[in-house]
Structure formats: structure tokens, C-alpha cells
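Visitor: I would like a close look at the helices of this model and the loops that join them. Could you take me through one part slowly, and then through what lies around it?

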Amino acid sequence: VTAGVLWATIGLFANSLLNLGLTPEQVAFLRLFLGFLILFIYSCVKMPNALKINRKGLMYCILVGIISQAGFNICYFNAIDSIGVSASAVLLYTSPLFLAMLSMAIFKERLNKSKVMSLCICFCGSILAVTGGSLDLGQLSTQGILLGIMSAITYACMSIISKGALKECEGITLLIYGFLIGSILMIPLANPIQIISYANNIGTVFTILGLGIIPAAGAYIFYLHGISTGIDLSIAGILASAELIVSVIIGWTLLGEN
């Protein structure tokens with residue numbers, strides 16, 4: 001739940017940086033690179049053993065970096081740029097459906113009545129929130145909707161990959177190398193040198209740092225610690241949908257979205 005609340009601030013930071021003229025790819029790169037940098041420095045000081053990784057663990061990190069870091073961030077920040085924070089967050093939280101289906105197929109998790117009811121309510125709530133109760137989607141970009149759904153699928157894959165990865169390495173190790181690989185993959189799209197010109201005032205610098213600390217490093221630490229306790233991934237996905245509620249509240253109260 002805490003991870004969900006921290007993730008909900010992604011749109012707030014992203015919206016501020018997009019309004020300054022950064023591209024969605026540049027915002028995605030900043031989130032990944034700063035997440036890596038913050039966790040790397042922390043590990044060097046507090047737990048240097050976290051930087052050690054075996055070959056199998058590295059393969060998991062590469063998967064996380066490609067699918068759930070670079071892939072997710074590209075889809076999600078472009079969705080925010082296309083259809084706004086609230087609608088993007090709502091589409092992202094169709095992810096418990098994909099997570100439940102993948103968990104059933106891969107880990108043989110069982111769906112009981114309460115899980116099915118929770119998933120149905122989550123799905124119906126998402127549809128009502130994104131459409132405003134109308135099935136006329138003409139006001140929203142089709143591309144933005146597809147990007148939002150793709151962000152949900154890549155987001156669900158993070159939990160699937162992490163469940164196996166946490167048997168090979170520490171959660172913080174997975175994050176460090178996943179963020180690093182994701183940020184490296186983003187370099188050709190992000191043109192990082194150009195980003196330096198935007199850091200011309202202290203407010204922008206704090207916004208960039210906040211993006212790396214709160215919805216990147218902080219949120220993932222809470223989430224991986226949560227799923228390492230053995231909780232069913234389908235339950236974790238529903239609990240983390242606290243992000244949806246907080247994202248919509250942020251979009252409405254702070255960003256002036258409907």
C-alpha cells in the first residue's frame with residue numbers, strides 16, 4: 001500500500017517536468033538513472049554486498065531492465081503526455097487483471113471468490129474512472145489508451161520476474177541493476193546531455209531529485225519488501241492499487257484534471 005502511494009506521485013513529478021519541455025523519454029531516463037544512482041550510493045555506504053550478483057540473478061535484472069523499467073517507463077510517460085495523469089493511472093491499474101492471469105499461468109496461484117470480486121471491482125472502477133461513466137472514448141487518444149494498457153502489462157511483469165529473481169539476489173540488488181540496465185537502454189531516446197540545460201533553477205533540480213527518490217527508489221523498496229514476505233502476487237497487485245486512488249486525487253486537486 002505504501003509503495004502504491006509513493007508510485008502515485010509519478011504523475012505529479014512527470015507533469016511538472018513535461019511542462020518544462022522535457023520529453024517523456026527524458027523523464028523516464030531521469031527516473032531510472034536517479035533511482036539507480038540513489039540506490040547505488042546507499043548500497044556502497046550501508047550494504048556493499050548488495051552489489052554482488054551471480055549470472056542467473058543478472059539475467060533476471062536484464063529482463064527487469066528491458067521489460068519493467070525501460071518498457072514500462074516509455075509506455076507510461078508517453079501515456080501521461082497523451083491522455084493525462086488520471087486516465088493513465090486508471091489504465092495502469094488494469095494491471096491486477098494481467099498480474100492475476102500471469103500468476104495463475106506461471107505460479108499456479110488459485111483465484112478464490114474474494115480475489116475475483118476484488119479484481120472485478122478494480123476493473124469496473126477503472127473503466128468508470130477513465131470513461132466518466134460513458135463508453136464514448138472519442139475524447140481520449142486511442143494511442144494513449146493503448147500505451148496505458150501496455151504500461152499495465154509491463155508493470156505486471158515486474159512482479160512476475162521479481163518473484164523468481166528474489167530467490168537469486170536481494171531486492172535492492174534487483175533494483176540497482178534493473179534501473180541501470182533500463183537507463184542505459186533509454187540513452188538513445190532520451191539525449192541525456194540536453195537534460196542538463198533544464199536544471200537551471202533549484203525548483204527543477206528538486207523536482208528531478210524527487211522523481212528519483214520517491215516514485216523510483218522508495219516505492220520499489222517497499223514493494224519488493226512486501227512481496228518478499230510471500231504474499232500472493234494477485235493480492236499485492238490489488239493492494240498496490242492505492243496508487244490509482246491517490247493518483248486521481250493528485251490529478252484532480254493539484255493538476256486541475258476532471
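Guide: What follows is a walk along one helix and its end, and then on to helix pairs and loops elsewhere in the chain. Please keep in mind throughout that this is a predicted model.

Let us start with helix H9, which covers residues 171-190. With 20 residues at 1.5 Å a residue, H9 should span 28 Å, and because its end C-alpha atoms are 27 Å apart, the expected and the computed length agree. H9 nevertheless has a bend of about 25 degrees at Ile184, and a proline, Pro188, follows within four residues of that position. As for its surroundings, 14 of the 20 residues of H9 are buried, so the helix is largely enclosed by the rest of the structure.

Just after H9 comes Asn191, placed in the loop that leads from H9 to helix H10 (192-195). Most residues other than glycine have a negative phi. Asn191, although it is not a glycine, has a positive phi of about 50 degrees. Its relative accessibility is 41%, and because the partly exposed class runs between 20% and 50%, Asn191 counts as partly exposed.

A second residue with this backbone feature is found in the loop between H6 and H7, namely Lys108, which is not a glycine either and has a positive phi of about 60 degrees. Lys108 has a relative accessibility of 62% and therefore counts as exposed, the cut-off for that class being over 50%. Glu109 also belongs to the loop between helix H6 (95-107) and helix H7 (113-131), but at 11% relative accessibility Glu109 counts as buried. Leaving aside residues up to four places away in sequence, Glu109 touches Ser103, Met104, Lys115, Lys163, Asp232, Leu233 and Ser234.

Another buried loop residue is Gly84, with a relative accessible area of 15%, and Gly84 sits between helix H4 (55-83) and H5. Again not counting residues up to four places away in sequence, Gly84 touches Ala79 and Glu257. Met104 is 20 residues from Gly84 along the chain, and the C-alpha atoms of these two residues are separated by 32 Å.

The helices on either side of Gly84 pack against each other, H4 and H5 having axes 7 Å apart at an angle of about 140 degrees. H4 and H5 are therefore oblique to each other, and their crossing is right-handed. On the H4 side the contact is made by Phe72, Tyr76, Ala79, Ile80 and Ile83, and on the H5 side by Val85, Ala87, Ser88, Ala89, Leu91 and Leu92. Helix H5 (residues 85-92) is mostly covered, with 8 of its 8 residues buried; among them are Ser86 and Val90.

A further pair to set beside this is helix H2 (residues 10-19) and helix H11 (residues 202-227), whose axes come within 10 Å and cross at roughly 155 degrees. That angle makes H2 roughly antiparallel to H11, because angles over 145 degrees are placed in that class. The crossing of H2 and H11 is left-handed. H2 contributes Ile10, Phe13, Ser16 and Leu17 to the contact, while H11 contributes Thr207, Ile208, Gly210, Leu211, Ile214 and Pro215.

Definitions and conventions:
Residues numbered from 1 in each chain as written. Predicted model: local features only at pLDDT ≥ 70, side-chain atom pairs only at ≥ 80, totals over all residues. Heavy atoms only, no water. Helix = DSSP H or I, 4+ residues; strand = E, 2+ residues; numbered from the N terminus. Expected span 1.5 Å × (residues − 1). Bend = angle between axes of the 7 residues up to and from the residue. Buried < 20%, exposed > 50% of the residue type's maximum accessible area, 1.4 Å probe, protein only. Axes fitted to C-alpha atoms, helices over the stretch in contact; angles between N-to-C directions. Parallel < 35°, antiparallel > 145°, perpendicular 65-115°, else oblique. Left-handed = near helix turned anticlockwise from the far one by under 90°. Contact = heavy atoms within 4.5 Å.
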